[in-house]
Each structure stands twice: as C-alpha cells, then as structure tokens.
Amino acid sequence: MTATRFINYVLYLFFFTAILSCTVEDGEQGIQGQQGEQGEQGEPGTVNVMYSDWMDQDWNFIDTPTFKSMLVEDAHITDDFMENGGIVLGFFRYQDNAPYMLPNQDFRLNTVRSFISINFSDGGNVRFSIQSTDGTALTDDDVNGSGAEIQAQYKYVLIPGGTSLSGSKRAAEWNQLSYKAVCKAFHIPE
C-alpha cells in the first residue's frame, strides 16, 4: 500500500466515523437569557417623501405647435432642498394606464416627454413638457393619446435628502426605477 492510499483510507475512515457519530436529536431548550441593553440611535433615514396628485396636462407655460410645457409651482423645491440631496422624480401616464418615468421618448409618435425641476431659495417649480422630435406640429393624438376621453396626466415625487449612507440609492439610481418601485419604496398610494 502506498503512502497516498494509506492517507486516503485514513481520511475516509475519519469522515465516515464523524458522520456516524452525529445524532438527529435536539437537546432540551435552554433558559431565556436576560434582556440586552438598548442600542444606539440609528442613522436618520429619508422621511417626509412628498408627492403630487395626478394632474391633467395644462400647457400654461409654453404652448407652440412643436413644444408644450406645463409649470407647477412648489414651495418645497428650494435651494436648500436640492443642496441637501433632495431628488425630484417625474412621471407620465394616460389616465389609469401604466405610468412612465420621465423623460420618455416615443419613437412611434416622434415625441419626447420630459420633466425638470427649477429651484430657488424661496421655492421652485416643476415643468412637464412634450416636444416633437422631427419638427412637425404635435397632433391631438400625440399630446393627449388616442381614444375616446383619454387625457395625459403628470405626477412628481419629492424625496428629501438625508444622511449619506453607503448602500443608499443615488439620484441616478432612483431615476432608473419604475413608478411602481418608487411607490413601493416610499409607501406612496398608486
């Protein structure tokens, strides 16, 4: 018998003995331990997420044949809000249909719907827009959707900044989430 074979036999015998010596029976339940001390206060999280209702479009800012824009004022969108890591997300839907994260480009209709937030020291606004990407005039179907009584709607979500935590999402990551994922993360009713 070679040394290698002898070592293999000894290892097999050791493992076989170890497996056979294990039992399946559990021991008795131990007594309850004492209550531990209160932990330290955790890092503050992101709270006070705010969101608008779904709003029918109203081209109250710019209304040209190839570009339309709606302005919604909001006193919460301040320089302080943005400088402290606040995030503003915009969404679009055709009434009760599935919402889309903005910006959203429709290659079939040659349109792009977009959204920006403008902030000042004493408040700001959100601007929703639709633009023709090929320079032709926007039709009612481009702007409102096709079908009886269809109306495009917009919504925005304000996520205040908090303490920077490793593993928390950056603005670019929030912008990649679907409307349903944002609603789930912040308990926003759909």
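# Strands, a pocket and two loop residues

Q: How many bridges join S4 to S9?
A: Helices (H or I, at least four residues) and strands (E, at least two) are DSSP runs, numbered from the N terminus, and two strands pair if DSSP finds at least two bridges between them. S4 and S9 run antiparallel. For one spot to look at, find Val-72, which stands opposite Val-126 in S9. The bridges joining S4 to S9 number eight.

Q: What kind of model are we looking at?
A: Residues are numbered from 1 along each chain as its sequence is written, and side-chain values use heavy atoms, leaving out hydrogens and water. Local features need pLDDT of at least 70, side-chain atom pairs count only at pLDDT 80 or more, and totals for chains, interfaces and linings use all residues, as this model is predicted.

Q: What is the strand order of the open sheet?
A: This sheet has five strands with antiparallel pairing. Its edge strands are S3 (62-63) and S7, each pairing on one side only. S7 is joined to S8 by three bridges, and S8 pairs with S9 over 10. Put the strands in a row and you get S3-S4-S9-S8-S7.

Q: Which residue in S9 is the bridge partner of Val-112?
A: S8 and S9 make a hairpin, with two residues between them. They pair in the antiparallel sense over 10 bridges. Within that pairing, Val-112 has as its partner in S9 Gln-131.

Q: How many of the residues of S9 are buried?
A: Here, buried means under 20% relative accessible area, exposed means over 50%, and partly exposed is in between (1.4 Å probe, protein chains only). S9 spans residues 123-132 and is mostly covered. Of its 10 residues, the buried ones number eight.

Q: Which side chains of S5 point the same way as Ile-87?
A: In a regular strand the side chains alternate between the two faces of the sheet. In S5, Val-88, Gly-90, Phe-92 and Tyr-94 point one way, and Ile-87 and its companions point the other way, all of them buried. In fact, eight of the eight residues of S5 are buried, so the strand is largely enclosed by the rest of the structure. The companions of Ile-87 are Leu-89, Phe-91 and Arg-93.

Q: Which residue in S10 is the bridge partner of Val-88?
A: S5 has an antiparallel pairing with S10 (residues 152-159) over eight bridges. S5 is also joined by two bridges to S6 (residues 100-101), again antiparallel, and there Phe-92 is matched with Tyr-100. Val-88 has as its partner in S10 Leu-158.

Q: Is Val-88 buried or exposed?
A: Val-88 lies in strand S5. Contact means heavy atoms within 4.5 Å, and beyond its neighbours within four places in sequence, Val-88 has contacts that include Phe-81, Phe-115 and Ser-117. Ser-117 is 29 residues away in sequence, yet the C-alpha atoms are 6.9 Å apart. Because its relative accessibility is 10%, Val-88 counts as buried.

Q: How far is the side chain of Thr-78 from the backbone nitrogen of Phe-81?
A: Thr-78 is in the loop between S4 (67-74) and H2 (79-83), and at 14% relative accessibility it counts as buried. Leaving out residues up to four places away in sequence, Thr-78 touches Asn-119, Phe-120, Ser-121, Asp-122 and Gly-123. From a polar atom of the Thr-78 side chain to that nitrogen of Phe-81, the distance is 3.0 Å.

Q: Which five residues lie nearest the centre of the second largest pocket?
A: On a 1 Å grid over the protein atoms alone, a pocket is an open set of points where a 1.4 Å probe fits, with protein on both sides within 12 Å along at least five of seven lines; lining residues have an atom within 4 Å of a point. This pocket is lined by 16 residues. S5, S7, S8 and H3 (140-144) each supply at least two of the lining residues. Nearest the centre are Tyr-94, Asp-106, Arg-108, Leu-109 and Gly-145.

Q: What is omega near for the peptide bond from Leu-102 to Pro-103?
A: Pro-103 sits in the loop between S6 and S7. Its bond from Leu-102 is cis, with omega near 5°.

Q: What is phi of Asn-110 near?
A: Asn-110 lies in the loop between S7 and S8, and with a relative accessible area of 29% it is partly exposed. Its phi is positive in a residue other than glycine, with a value near 55°.

Technical notes: Polar contact = N/O pair within 3.5 Å; in protein donor to acceptor, adjacent residues only side chain to side chain.
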